[in-house]
Amino acid sequence: FRSSVAIHPKGLMAAEHYLVVRQLMYRTVYNHRLNIVCNWLLRQVIAVARRLGPESVAADAVMTRWLWHLDQLDLDGYLANDDLRTGYHLLRWREDGPAELAELCARLLDRHLLQATDVSECSAELRLELLAEAQRLSHQQGLRSENCCGLQQRRSRGYDPYRSGLRLWDGHRLQALEQSSTLVQALATPLDQTWLIHPHEVTTALRSEEHTSELQSQFRISY
């Protein structure tokens, strides 16, 4: 049995307004470049902590299960790892963790963030070329390129058509929302975005004519 949520055709404009505002929230907040960078850095922190292992990284019982014993993670342990606990460990690792982990935590906590360049219009080959160039320049600056350079991809859409979800019902006919509105139909089209993550220290070199002369029509720096 499948149930549907139906609205009267008079409510179509209100539904469109809600979906447009939701899409704008994703584009301006959830997928904002700073949010992209911070989430990428946090994933790097977790990956490095897991790789270094419990012998090198101090963690309480809950974080230990999160990092190295996911098979032992129950619902209570999952809920226990909140913002306060994560923030505590970031502070602790910045102060007395291994150098590689401390450096990443410091970037997050001290707001020495990386930069995100929008390379959505570049081909896959060109993105990899730019990543390799960013890694090379970072290595020249004495940075761990694997922890400060990367490609971040995100796919979003303003509306996911429901199998048995939001419908219009005028008392006689049931119709899918995207079939009744060209605006909703447009919002249902996926938007793919790709960012090149790199440190501030290599920005000038990446933007120099030497490295971007062939890319001027595609390579757009976003800050």
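**Figure 1. The three-stranded open sheet of the predicted model.** In this predicted model, three strands make up an open sheet whose order is 2-6-3, and their pairing is antiparallel. Strand 2 (115–118) and strand 3 (150–156) are the edge strands, each of them pairing on one side only. Averaged over the sheet and with direction ignored, neighbouring strands are turned by 30° against each other. Strands of a sheet pair through backbone hydrogen bonds, in either a parallel or an antiparallel arrangement. Helix 2 lies across strand 2, strand 3 and strand 6, and runs at about 120° to strand 3.

**Figure 2. Strand 2 and its partner, strand 6.** The antiparallel pairing of strand 2 with strand 6 extends over four bridges, and aspartate 118 is found opposite tryptophan 195 of strand 6. In a regular strand the side chains alternate between the two faces of the sheet. Both faces of strand 2 are covered, with Gln115 and Thr117 buried on one side and Ala116 and Asp118 buried on the other.

**Figure 3. The largest nonpolar core.** In soluble globular proteins, nonpolar side chains tend to be buried together. The largest nonpolar core of this model has 36 residues, and those with the most contacts inside it are Val37, Leu41, Val45, Trp93, Leu101, Leu114 and Ile197. At least two residues of this core are supplied by each of helix 2 (33–52), helix 3 (61–68), helix 5 (83–96), helix 6 (99–109), helix 7 (124–140) and strand 6 (191–198). Helix 2 gives the largest share, eight residues. Once its neighbours within four places in sequence are left aside, valine 45 is in contact with Leu90, Trp93, Leu101, Leu104, Cys105 and Leu108. Another core, of nine residues, lies apart from the largest one and has Leu12, Leu168, Val184 and Ala188 among its members.

**Figure 4. Helix 6 and the elements packed against its buried residues.** The buried residues in helix 6 are Glu100, Leu101, Ala102, Leu104, Cys105, Arg107 and Leu108. The elements against which the buried residues of helix 6 pack are helix 2, helix 5 and helix 8 (145–148). Following helix 6 is arginine 111, which has a positive phi, near 60°.

**Figure 5. Serine 145 in helix 8.** Serine 145 has its place in helix 8, where its relative accessibility of 15% means that this residue counts as buried. When residues up to four places away in sequence are not counted, serine 145 touches Gln135 and Ser138.

**Figure 6. The cysteines and the absence of disulfides.** The count of disulfides in the model comes to zero. For cysteine 148, the closest cysteine sulfur is that of cysteine 149, at 4.0 Å, and this is too far for a bond because a disulfide requires the two sulfur atoms to be within 2.5 Å. Cysteine 148 counts as buried, at 2% relative accessibility, and cysteine 122 is buried as well, with a relative accessible area of 4%.

**Figure 7. The edge-to-face pair in helix 1.** A pair of aromatic rings is described by the distance of the centres and the angle of the planes. The model has two aromatic pairs by count. Tyrosine 26 and tyrosine 30 form an edge-to-face pair, with 4.8 Å from centre to centre and 70° between the planes. These two tyrosines, tyrosine 26 and tyrosine 30, are four residues apart in helix 1 (residues 12–30), so about one helical turn separates them. Tyrosine 26 is partly exposed at a relative accessible area of 28%, and tyrosine 30 likewise counts as partly exposed, at 37% relative accessibility.

**Figure 8. The stacked pair between helix 3 and helix 4.** The ring centres of tryptophan 66 and tyrosine 78 are 5.4 Å apart and the ring planes stand at 20°, so this pair is stacked. Because tryptophan 66 lies in helix 3 and tyrosine 78 in helix 4 (residues 75–80), the pair ties together parts that are twelve residues apart in sequence. Tryptophan 66 has a relative accessible area of 23% and is partly exposed, while tyrosine 78, at 48% relative accessibility, also counts as partly exposed.

Definitions and conventions
Residues numbered from 1 in each chain as written. Predicted model: local features only at pLDDT ≥ 70, side-chain atom pairs only at ≥ 80, totals over all residues. Heavy atoms only, no water. Buried < 20%, exposed > 50% of the residue type's maximum accessible area, 1.4 Å probe, protein only. Core = buried A, V, L, I, M, F, W, Y, C linked by side-chain atoms within 4.5 Å. Contact = heavy atoms within 4.5 Å. Pairing = 2+ DSSP bridges. Axes fitted to C-alpha atoms, helices over the stretch in contact; angles between N-to-C directions. Phe/Tyr/Trp six-rings, centres within 6.5 Å; stacked < 30°, edge-to-face > 60°.
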